[in-house]
Amino acid sequence: MRYTTILFCLFLLMHSTASAQTDTIPYGTVKNMPTFYEQLKRQLTYPMAWGNSPTKDFDRWRAEARNILTECMQNLTPAPQSYDMETVDTESRNGYKAHKIRFNVSAWCRIPAYLLVPDGKGPFPAIVVLHDHGAHFSIGKEKMIRPFHVAPETLADADDWAERCYDGRYVGDYFAAHGYAVLSIDALFWGERGRKEGVDYDGQQALASNFLQMGSSWGAFIHMDDVRSAEFLASLPFVDKERVGCLGFSMGAYRSWMLSALTDCVKASASICWMNTTDSLMTPNNNQNKGGSAYAMLIPGLRRYLDYPHTASIACPKPTLFFNGTQDKLFPIAGVKDAYATMQSVWKSRHAANRLVTKIWDEKHFFSQEMQNETLDFFNKWLK
C-alpha cells in the first residue's frame, strides 16, 4: 500500500511539473510585436546607407539609393500624358487668390486640389504643403489651406484642426501671404479622396492589404502622387521651377522628406515632427507598431537597405529642415538625436552642413506659430 502511494505521488509530481513547463512556454507576440523583435532589428545593417555602401562617389550613391527606394515602392503609377488643369472656383484673399482646381495627377487619377497664387507678377517661389495623418480622414488638403464655398461642417472641421495642430493658422495661407504659390492635395483615403462608403481607422489596413496583394503599396502610391503634384506645380507658368520646396507636419513631414529624396524637382524641404530610427520606433510601447496608421508610411522591403535618416539623406546636399519636440510621445527623443546625427554626418561629408537644420523644441506633437515663422525664414533664405 505504501509503495502504491509513493508511485501515485511521483505521478502527480511529474504531471504537475509537465503542466508547469507547458504553462511557462512564452507567447509568440507581445503588444503586437514578435517576441524576437530585438533579433530582427539586429539583422538590419542598412548596407545601402552612405558610408556603408561600397560606392564612394556621392552622386553615384544618390542615384543608386534612389533606385533602390523606387524599386521597393514597386508598381508605380504612370505619369499623366497632360495635367489638363481646370479651375473650378476662386476666392480673393489678402494678397493672393485661392483656387479650387482639378488636374491629372497620374494616368489613372484626376483629383481636386487647392492652389494659392500671390497677386502680382511671377514667377513665384512655390511650396507643396503636405497634410498630416492624425487618424482624421474627413479632411486632407483643408488641413493646410482654408477651404471656401464648402459645407459649414467642413469649414468648422478645418478650423478646429488648424487650432489643434497648427496653432490656429493655415500654413498654406501663411506662405501664400508671404509671396509663395502653394499647392495642396488630398492623399488617397483623406478628404475628397476618401472611401465611397465612408472612411474609418480600420479601413486603412484593408486598403493597404489590397495594395500589397496587387503587387504595390499604399505608401508608395501616396509618394508618387506627391512627386507628380510637385512636378505639376513646377510646370505652372507663374512658378519658378528652380525655387520649389515642400513642407509638412507629422505624416506630412514624412511625405516631405520622402518627396525631396525621390525627386530633384524639389529644391528644399521642411519636415516638422517626423524623424527617427527604426531601432527607436520598433518597440512594444511605440505608436508605430499599431499597424493601421503605419501602412501609410511604409515601403515594403526598404529597411533591408536604408533606415529613415539614410533615406532622407538621398536629398543631400539640398537645404533641408527638421524640427522635433521633446514632449512628442510618438517620436522618442533618443531616436530623434540618433537620426539627426546620421544626417548631419552626411551633409557634413558633402561640405553642406549649413544647409541642414536640425532643431529640437520643448514642444509636443504640434506645429506652433513660432516654428512656422522659423520655417518661413528657412525657405526665404533658400528659395527667395
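**View 1. Here is the lining of the second largest pocket, made by 20 residues, with Gly134, Ser250, Asn287, Leu330 and His365 nearest its centre.** A pocket here is found on a 1 Å grid over the protein atoms alone: it is an open set of points where a 1.4 Å probe fits, with protein on both sides within 12 Å along at least five of seven lines, and lining residues have an atom within 4 Å of a point. This is a predicted model, in which local features need pLDDT of at least 70 and side-chain atom pairs count only at pLDDT 80 or more, while totals for chains, interfaces and linings use all residues. Residues are numbered from 1 along each chain as its sequence is written, and side-chain values use heavy atoms, with hydrogens and water left out. The volume of the second largest pocket is about 350 Å³, taken as the space filled by probe spheres set on the grid points, which are joined across faces, edges and corners. Its lining holds eleven nonpolar residues, eight polar and one charged. Nonpolar covers Ala, Val, Leu, Ile, Met, Phe, Trp, Tyr, Cys and Pro; charged covers Asp, Glu, Lys and Arg; the others, Gly among them, are polar.

**View 2. Now meet the largest pocket, with about 550 Å³ of space.** Of its 24 lining residues, Thr278, Met282, Leu298, Arg303 and Tyr308 lie nearest the centre. Strand E2 (33-34) and helix H2 (37-42) are the elements that give two or more residues to this lining. H2 gives the most, with three residues. Helices (H or I, at least four residues) and strands (E, at least two) are DSSP runs, numbered from the N terminus. Sorted by class, the lining has 13 nonpolar, seven polar and four charged residues.

**View 3. This close-up follows helix H8 and Ser250, in the loop between strand E8 (239-249) and H8.** Phi of Ser250 is near 60°, a positive value in a residue other than glycine. Ser250 has 10% relative accessibility, so it counts as buried; the term means under 20% relative accessible area, with exposed over 50% and partly exposed in between (1.4 Å probe, protein chains only). Because twelve of the twelve residues of H8 are buried, the helix is largely enclosed by the rest of the structure. Among these buried residues are Met251, Tyr254, Arg255, Trp257 and Leu262. The twelve residues of H8 (251-262) should span 16 Å at 1.5 Å a residue, and the end C-alpha atoms are indeed 16 Å apart. That expected span is 1.5 Å times one less than the number of residues.

**View 4. Three loops are worth a look here, beginning with the one between E6 and helix H4 (152-166), where Ala135 sits.** Phi of Ala135 is near 50°, a positive value in a residue other than glycine. With 42% relative accessibility, Ala135 counts as partly exposed. In the loop between strand E5 (110-118) and strand E6 (124-130) you can find Pro123, joined to Gly122 by a cis peptide bond with omega about 0°. Pro317 lies in the loop between helix H10 (308-312) and strand E10 (320-325); the peptide bond from Cys316 to Pro317 is cis too, with omega near 10°.

**View 5. Strands E10 and E11 (residues 356-361) run side by side as a parallel pair over six bridges.** Strands pair if DSSP finds at least two bridges between them. Look for Asn324 opposite Ile360 in E11. From E10 the chain crosses through helix H11 (residues 333-349) to E11, in a right-handed β-α-β crossover. Right-handed means that, with the strands pointing away from the viewer, the path from the first strand over the helix to the second runs clockwise.
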